[in-house]
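Me: I would like a close look at a single part of this model, with the surroundings brought in where they help. Please take it slowly and keep the confidence of the prediction in view.

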Amino acid sequence: MWFNVHDDSVQLALEFVDKLWLIMALFCLMIQSLYLTSKGLDTHGIIISIEDNRKGMKKTRATSNSIISEIEG
């Protein structure tokens, strides 16, 4: 879709869409914030924790001077 952005009617439409987007973005976030505030801590959120419970493994790495042993964990 091609149109001249310098046309007055197109500028008016784009300005309207821009202001509408700004108002809706702020309004929707405000409603979400009010909803979460009214629920307090009872939001039924799921907490996911990912961790590695394996022991560290001994690895060797060759360098130009020597072999370095290191424990990662």
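What follows is a close look at helix 1, set against the rest of the chain.

Me: What are the extent and the span of helix 1, and which residues make the nonpolar surface patch?

Reply: This is a predicted model, and a word on its confidence belongs at the start. The mean pLDDT of the protein chain is 76, with 67% of the residues reaching 70 or more; among the elements, helix 1 has the highest mean pLDDT, 89, whereas strand 2 (residues 67–71) has the lowest, 47. Over residues 67–73 the pLDDT falls below 50, although this stretch has 18 contacts in the model beyond near neighbours in sequence. Where pLDDT is low, predicted coordinates should not be read in detail.

The chain contains 1 helix and 2 strands, and its elements follow the order α-β-β from the N terminus. Helix 1 covers residues 8–39; its 32 residues reach 47 Å from the first C-alpha to the last, which is close to the 46 Å expected at 1.5 Å a residue. Just after helix 1 comes Gly 40, which takes a positive phi of about 70°.

Turning to the side chains, the structure holds 1 salt bridge, and it is formed by Glu 15 and Lys 19, with an N to O distance of 3.7 Å. Both residues belong to helix 1, where they are 4 residues apart, or about one turn of the helix. Side chains of opposite charge can pair when their charged atoms come close. Glu 15 is partly exposed, having a relative accessible area of 45%, and Lys 19 is likewise partly exposed, at 48%.

A nonpolar surface patch of about 900 Å² is made by Phe 16, Val 17, Leu 20, Ile 23, Met 24, Phe 27, Met 30, Ile 31 and Leu 34. Leu 20, one of these residues, lies in helix 1 and is partly exposed, with a relative accessible area of 43%; because patch residues must have over 30% relative accessible area, Leu 20 at 43% satisfies that condition.

For the chain as a whole, buried residues make up 1% of the 73 residues, and the accessible surface comes to about 7700 Å², with 63% of this area belonging to carbon and sulfur atoms.

Note on methods
Residues are numbered from 1 along each chain as its sequence is written. This is a predicted model: local features need pLDDT of at least 70, side-chain atom pairs count only at pLDDT 80 or more; totals for chains, interfaces and linings use all residues. Side-chain values use heavy atoms; hydrogens and water are left out. A salt bridge is a side-chain nitrogen of Lys or Arg within 4 Å of a carboxyl oxygen of Asp or Glu. Buried means under 20% relative accessible area, exposed over 50%, partly exposed in between (1.4 Å probe, protein chains only). Accessible areas come from the Shrake-Rupley method with a 1.4 Å probe; for residues, only the protein chains shown count as cover. pLDDT is the predictor's confidence in each residue, from 0 to 100. Contact means heavy atoms within 4.5 Å. Patches are made of residues with over 30% relative accessible area and no salt bridge: like charges are joined within 9 Å, nonpolar side chains (Val, Leu, Ile, Met, Phe, Trp, Tyr) within 5 Å. The expected span of a helix is 1.5 Å times one less than its number of residues.
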